[in-house]
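Please walk through this structure with me, from one small contact site outward to the features around it.

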Amino acid sequence: MRTRAAKRYQRRFFLTMVAYVAVLFASVTAINQYEPTGLPLVILSVLPALPVIACLVVMGFYLIEETDEFVRQRIVSAMMFGTGVVLSIATVLGFLQYGKVIGNVDVFWAFPIWCMSWGFAQCWLTWRDSRAGGNA
Amino acid sequence: MNNRLRVLRAERKWSQQHLAELLEVSRQSVNAIETGRYDPSLPLAFRISDVFDLPIEAIFTNPSKENA
């Protein structure tokens, strides 16, 4: 059973993702069509990042609003796992770049990788808890 | 921290879901506390104490004291 905070989070997360897709589509279309330079190009390039930042804020609110301390602890653990994965990948890639083994890496992948790692950890913790069982 | 939550719940013929609703937490939380995978905070321990109408020390016990 999802908590009220979790339901609110899902709704907000969905809205930020819809906004992300819409803004990304509009931004890419505008850049390709009008080929702006200077400040307009900077603004159009940054725009798709805003819904992603909003998504992080939504996640922060979820942590604040979640009243179930066990659920909150599990979310924080899963987020920490995601952070560890991203930092590990960034460190390895950074040294590979330093050694000129690889070229540039698109850093915007950090957020999707963090989300995927978090999701994986959350699924694993849920599976582990369901295995721990107990009568309902 | 050891606890007698499962025993006390069984005595009252409550399901984990029912206890979770009384405590305003998820069933996962009740299960995690019962199986000793999670130690509740002091406010939640007091809520548990209120729900069972027992002092905290009648529900939660210090394992190091038990072994001594």
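**A guided reading of the model**

In this predicted model, B:S49 touches B:L54, B:P55, B:I56 and B:I59, leaving aside residues up to four places away in sequence. B:S49 belongs to helix 4 of chain B, and the pair B:S49 and B:I59, 10 residues apart in sequence, lies 7.3 Å apart in space when taken from C-alpha to C-alpha. With a relative accessible area of 9%, B:S49 counts as buried, because the cut-off for that term is under 20%.

Between helix 4 and helix 5 (56-59) of chain B runs a loop that holds B:D53. The phi of B:D53 is near 55°, a positive value in a residue other than glycine. Most residues other than glycine have a negative phi. B:D53 has a relative accessible area of 67% and is therefore exposed, the cut-off being over 50%. Chain A offers a further case in A:E35, whose phi is near 40° and thus positive although the residue is not glycine. A:E35 sits in the loop between helix 1 and helix 2 (38-46) of chain A, and A:E35 is exposed as well, with a relative accessible area of 62%.

The next element to follow is helix 4 of chain A. This helix covers residues 69-98, which makes 30 residues, and it reaches 42 Å from its first C-alpha to its last, close to the 44 Å expected at 1.5 Å a residue. At its start, a side-chain oxygen of A:D68 comes to within 3.2 Å of the backbone nitrogen of A:F70, while after the helix comes A:K100, with a positive phi near 60°.

Which residues of helix 4 of chain A are buried? They are A:E69, A:F70, A:V71, A:R74, A:I75, A:A78, A:M79, A:G82 and A:V86. An α-helix has 3.6 residues a turn, so residues three or four places apart point the same way. The buried residues of helix 4 of chain A pack against elements of both chains, namely helix 3 (49-65) and helix 5 (110-132) of chain A and helix 3 (27-34) and helix 4 (42-52) of chain B.

On the chain B side of this packing, B:S29 is a useful residue to look at, and it lies in helix 3 of chain B. Not counting residues up to four places away in sequence, B:S29 touches A:D68, A:F70 and A:V71, and its side chain makes a polar contact of 2.5 Å with the side chain of A:D68. A:D68 is thus in contact with B:S29 through its side chain, while a side-chain oxygen of A:D68 also approaches the backbone nitrogen of A:F70. B:S29 has a relative accessible area of 1%, which means that B:S29 is buried.

The largest pocket is the last stop, and about 500 Å³ of space lies in it. Of the 19 residues that line this pocket, the closest to its centre are A:R2, A:Q10, A:Y62, A:I75 and A:Q122. At least two lining residues come from each of helix 1 (4-34), helix 3, helix 4 and helix 5 of chain A, and helix 5 of chain A gives the most, with 6 residues. By character, the lining divides into 11 nonpolar, 6 polar and 2 charged residues. A:I75 links this pocket to the helix described above, for it is among the residues closest to the pocket centre and also one of the buried residues of helix 4 of chain A.

Key: Residues are numbered from 1 along each chain as its sequence is written. Chains are lettered from A and ligands numbered from 1 in the order in which they are written. This is a predicted model: local features need pLDDT of at least 70, side-chain atom pairs count only at pLDDT 80 or more; totals for chains, interfaces and linings use all residues. Side-chain values use heavy atoms; hydrogens and water are left out. Helices (H or I, at least four residues) and strands (E, at least two) are DSSP runs, numbered from the N terminus. The expected span of a helix is 1.5 Å times one less than its number of residues. Buried means under 20% relative accessible area, exposed over 50%, partly exposed in between (1.4 Å probe, protein chains only). Contact means heavy atoms within 4.5 Å. A polar contact is a pair of N or O atoms within 3.5 Å; within protein, one must be able to donate a hydrogen and the other to accept it, and residues adjacent in sequence count only if both atoms are side-chain atoms. On a 1 Å grid over the protein atoms alone, a cavity is a set of points where a 1.4 Å probe fits but cannot get out, and a pocket is an open set with protein on both sides within 12 Å along at least five of seven lines; lining residues have an atom within 4 Å of a point. Grid points are joined across faces, edges and corners, and a volume is the space filled by probe spheres set on the points. Ala, Val, Leu, Ile, Met, Phe, Trp, Tyr, Cys and Pro count as nonpolar, Asp, Glu, Lys and Arg as charged, and the others, Gly among them, as polar.
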